[in-house]
Amino acid sequence: GQGIVGPMLAGKLGLPCVTSCVSADMDCERGVMRVEQELESGDVQTHQVDLPALLTIQSGRNKPRYPSLSNILRANKQEVERIEAPDTDLIGNCEELIKLELTPKSRAGVVLEGSIEEKAATVLKIFKDKNLLREEAMSRP
């Protein structure tokens with residue numbers, strides 16, 4: 001529930017890890033994978049990771065495939081192999097919560113009111129105040 005299994009497993013295996021993946025394209029010849037990761041803001045960030053790598057997939061991205069009735073009946077006839085788990089005292093406590101806080105809001109929205117010309121003037125003023133426009137762009141008609 002905290003999204004730590006994938007990164008912890010990748011750390012134990014010494015593999016690169018990308019979480020919340022929404023798509024992945026593998027280039028076997030170059031030994032890399034291009035991965036798109038969905039951020040908390042909803043934006044998508046692209047990464048290129050060396051293979052092998054560990055990915056955690058964003059929920060809801062893949063449709064489950066349900067087995068056919070014949071495969072279910074065949075699986076019911078299979079014998080289950082049981083493997084003894086190692087002594088849990090050897091594992092111990094692997095994590096410690098240091099701090100938990102909400103992420104601060106990064107942007108405040110602005111609702112523009114007035115006519116189209118007034119809205120355009122307000123947007124231009126905001127861009128100028130934040131130095132988002134070059135002088136030559138502002139002098140164009």
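This is a short exchange about the sheet and the pockets of a predicted model.

Reader: What makes strand 1 and strand 2 a pair?

Author: Two strands pair if DSSP finds at least two bridges between them. Strand 1 and strand 2 have six bridges, in the antiparallel sense. They therefore count as paired. Cys21 stands opposite Gln37 in strand 2, and Asp25 stands opposite Arg34.

Reader: How do you know that strand 2 and strand 3 pair?

Author: The cut-off is at least two bridges. Strand 2 and strand 3 have seven, again antiparallel, so they pair. Val35 facing His47 in strand 3 is one example.

Reader: What lies between the strands of each hairpin?

Author: Four residues separate strand 1 from strand 2, and Gly31 in that turn has a positive phi of about 70 degrees. Between strand 2 and strand 3 there are five residues. In that hairpin Gly42 takes a positive phi near 95 degrees.

Reader: Why are strand 3 and strand 4 called edge strands?

Author: The sheet is open, with four strands in the order 3-2-1-4 and mixed pairing. Strand 3 (44–50) and strand 4 (54–57) each pair on one side only. Neighbouring strands of this sheet are turned by 45 degrees against each other on average, direction ignored.

Reader: What makes the space lined by Gln2 and Ile4 a pocket, as opposed to a cavity?

Author: In a cavity the probe fits but cannot get out, whereas a pocket is an open set with protein on both sides within 12 Å along at least five of seven lines. This space is classed as a pocket, so it is open. It is the largest pocket, with about 230 Å³ of space. Its lining is Gln2, Ile4, Glu95, Glu96, Leu97 and Leu100.

Reader: How do you know that three residues of that lining are nonpolar?

Author: Leu and Ile count as nonpolar and Glu as charged. Ile4, Leu97 and Leu100 are therefore the nonpolar residues. Glu95 and Glu96 are charged, and Gln2 is polar. That agrees with the tally of three nonpolar, one polar and two charged.

Reader: Which strands help to line the second largest pocket?

Author: Strand 1 (17–27) and strand 2 (32–38) each supply at least two lining residues. The lining is Thr19, Ser20, Gln37, Glu38, Leu39, Glu40 and Gln58. The volume is about 160 Å³.

Reader: What is the class make-up of that second lining?

Author: One residue is nonpolar, four are polar and two are charged. Leu counts as nonpolar, so Leu39 is the nonpolar one. Glu counts as charged, so Glu38 and Glu40 are the charged pair.

Key. Residues are numbered from 1 along each chain as its sequence is written. This is a predicted model: local features need pLDDT of at least 70, side-chain atom pairs count only at pLDDT 80 or more; totals for chains, interfaces and linings use all residues. Side-chain values use heavy atoms; hydrogens and water are left out. On a 1 Å grid over the protein atoms alone, a cavity is a set of points where a 1.4 Å probe fits but cannot get out, and a pocket is an open set with protein on both sides within 12 Å along at least five of seven lines; lining residues have an atom within 4 Å of a point. Grid points are joined across faces, edges and corners, and a volume is the space filled by probe spheres set on the points. Axes are lines fitted to C-alpha atoms, for helices over the stretch in contact, and angles run from 0 to 180 degrees between N-to-C directions.
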